[in-house]
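I opened my notebook for this one with a short list of things to look up. Here are the entries, in the order I made them.

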Amino acid sequence: MSSIKQPGEKNLMLFSGRAYPELAEEVAEHVGASLTPTRLIDFANGEIYARYLESVRGCDAFVIQSHTAPINKWIMEQLIMVDALKRASAKRITVVMPFFGYARQDKKGRGREPITARLMADLFKTAGADRLMSIDLHTSQIQGFFDGPVDHLFAMPVLESYLKNRLDLENTTIVSPDTGRVRLSERWADTLGTPLAFIHKRRDLDVANQVKVSEVVGKVRGRTCVLIDDMIDTAGTICKAADALYEQGATNVITAATHAVFSDPAVDRLKNSRISEVIVTNTLPLPEASRFDKLTVLSIAPLIGRAITEIFQDGSVTSLFEGDT
């Protein structure tokens, strides 16, 4: 059975693109349904074709796609899948993108720059999406870019649950690698009952992924420091932050991030860094070549599955994080 039906009313159907079907399958197991058979192929010139092999009329559709490399192809495929659902009379279409591609460009830092996070929201709305779901958006303001409901999920409970059993919280400091992550780090520190520190850095605006650490603000000497971030791309920020913490007397540095983008040379940098453990979730696929001894990957599928179930049953997604009903 590839759907869950409520007599006379609702019909939940799950769909997966080709970017990361393993995560979609895991999510489907937690929801209690199977993925709807879908034909997805590339034409000779690279154009993408999509067709669903079952009727989707009147269904509550959830289209799961991870925006991994090659990112432009998989975003386009998800847009085409949404368009196909709209034209096949799906009742409600929810776009599930564990990692929101192009989210880093969420404002104009200088003149003549794009705001690609808004462009992405507009594209999915035009394609026919009624709702978006993503995990740890680069900034919360992105929720306002989409004209419709946006379910902003947080990986913090998954990561915290793992770390609580491994840390001496009396001797731990939560650290934000830059001022942009201070708000998230504050939530971590409040939940775990630990001090908070942050690193002031300057970024070279003319060279992508280049950072310069300036100073550490907070209590880190003689303590275990947990660096918190939403993503690790080339790992330049995290590795320089870890070096700065050790220079200020930290005894151990762990990093916890939601999205393991791991663009070159991230893996080599992390392998050779002084970070003792790198903890990430599986919002993006990690091939064997990107795995290393001190990497820990936690599954985000149970969280996505629960959120899909709450949406389908008109429940509360907020209750997954705040205990509200």
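**Cavity**

I began with the largest cavity, whose volume comes to about 30 Å³. I keep in mind throughout that this is a predicted model. My search of the whole structure turned up one cavity of 30 Å³ or more.

Which residues line the largest cavity? I noted Phe100, Leu132, Ser134, Leu137, Ile142, Gln143 and Val150. Sorted by class, that lining has five nonpolar residues, two polar ones and no charged ones.

**Second largest pocket**

Next I turned to the second largest pocket, with a volume of about 300 Å³. It has 13 lining residues, and the closest to the pocket centre are Leu137, Ser140, Arg181, Arg183 and Leu184. I had already met Leu137 in the lining of the largest cavity.

Which helix gives the most to the lining of this second largest pocket? I found helix α5, residues 182-192, which supplies three residues. By class, I wrote down three nonpolar, five polar and five charged residues for the lining of this pocket.

I also looked up the domains behind this pocket. Its lining takes at least three residues from domain 1 (12-153 + 302-316) and at least three from domain 2 (156-284).

**Cysteines**

How many disulfides does the model have? My count comes to zero. I wanted to know why cysteine 225 is unpaired, and distance settles it: a disulfide needs two cysteine sulfur atoms within 2.5 Å, but the closest cysteine sulfur to that of cysteine 225, in cysteine 239, is 15 Å away, so it is too far for a bond. Seen from the other end, cysteine 239 is in no disulfide either, and its nearest cysteine sulfur is that of cysteine 225, at 15 Å.

Are these two cysteines buried or exposed? Cysteine 225 is buried, with a relative accessible area of 0%. Cysteine 239 has 10% relative accessibility and counts as buried because the cut-off for that class is under 20%.

**Positions from the UniProt record**

I then checked the annotations; the UniProt entry is unreviewed. The record places the feature "active site" at Lys201. I located lysine 201 in strand β10, residues 196-203. Lysine 201 is buried, at 16% relative accessible area.

Where does the record put the feature "binding site"? The unreviewed UniProt entry gives Arg203, Asp229, Asp233, Thr234, Ala235, Gly236 and Thr237.

I followed up two of the threonines. Threonine 234 sits in the loop between β12 (224-232) and α6 (236-247), and at 10% relative accessibility it counts as buried. Threonine 237 lies in helix α6, and with 16% relative accessibility it counts as buried too.

**A last look at aspartate 122**

I finished with aspartate 122, which I found in helix α3, residues 116-127. Is aspartate 122 buried, partly exposed or exposed? At 32% relative accessibility, aspartate 122 counts as partly exposed, because that class covers values between the 20% and 50% cut-offs.

How far is aspartate 122 from proline 195 in space? I get 40 Å from C-alpha to C-alpha, for a pair that is 73 residues apart in sequence.

Notes
Residues are numbered from 1 along each chain as its sequence is written. This is a predicted model: local features need pLDDT of at least 70, side-chain atom pairs count only at pLDDT 80 or more; totals for chains, interfaces and linings use all residues. Side-chain values use heavy atoms; hydrogens and water are left out. On a 1 Å grid over the protein atoms alone, a cavity is a set of points where a 1.4 Å probe fits but cannot get out, and a pocket is an open set with protein on both sides within 12 Å along at least five of seven lines; lining residues have an atom within 4 Å of a point. Grid points are joined across faces, edges and corners, and a volume is the space filled by probe spheres set on the points. Ala, Val, Leu, Ile, Met, Phe, Trp, Tyr, Cys and Pro count as nonpolar, Asp, Glu, Lys and Arg as charged, and the others, Gly among them, as polar. Helices (H or I, at least four residues) and strands (E, at least two) are DSSP runs, numbered from the N terminus. Domain bounds come from an automatic or database domain assignment. Buried means under 20% relative accessible area, exposed over 50%, partly exposed in between (1.4 Å probe, protein chains only). UniProt positions are given in the numbering used here, feature names are shortened, and annotations may be inferred rather than shown by experiment.
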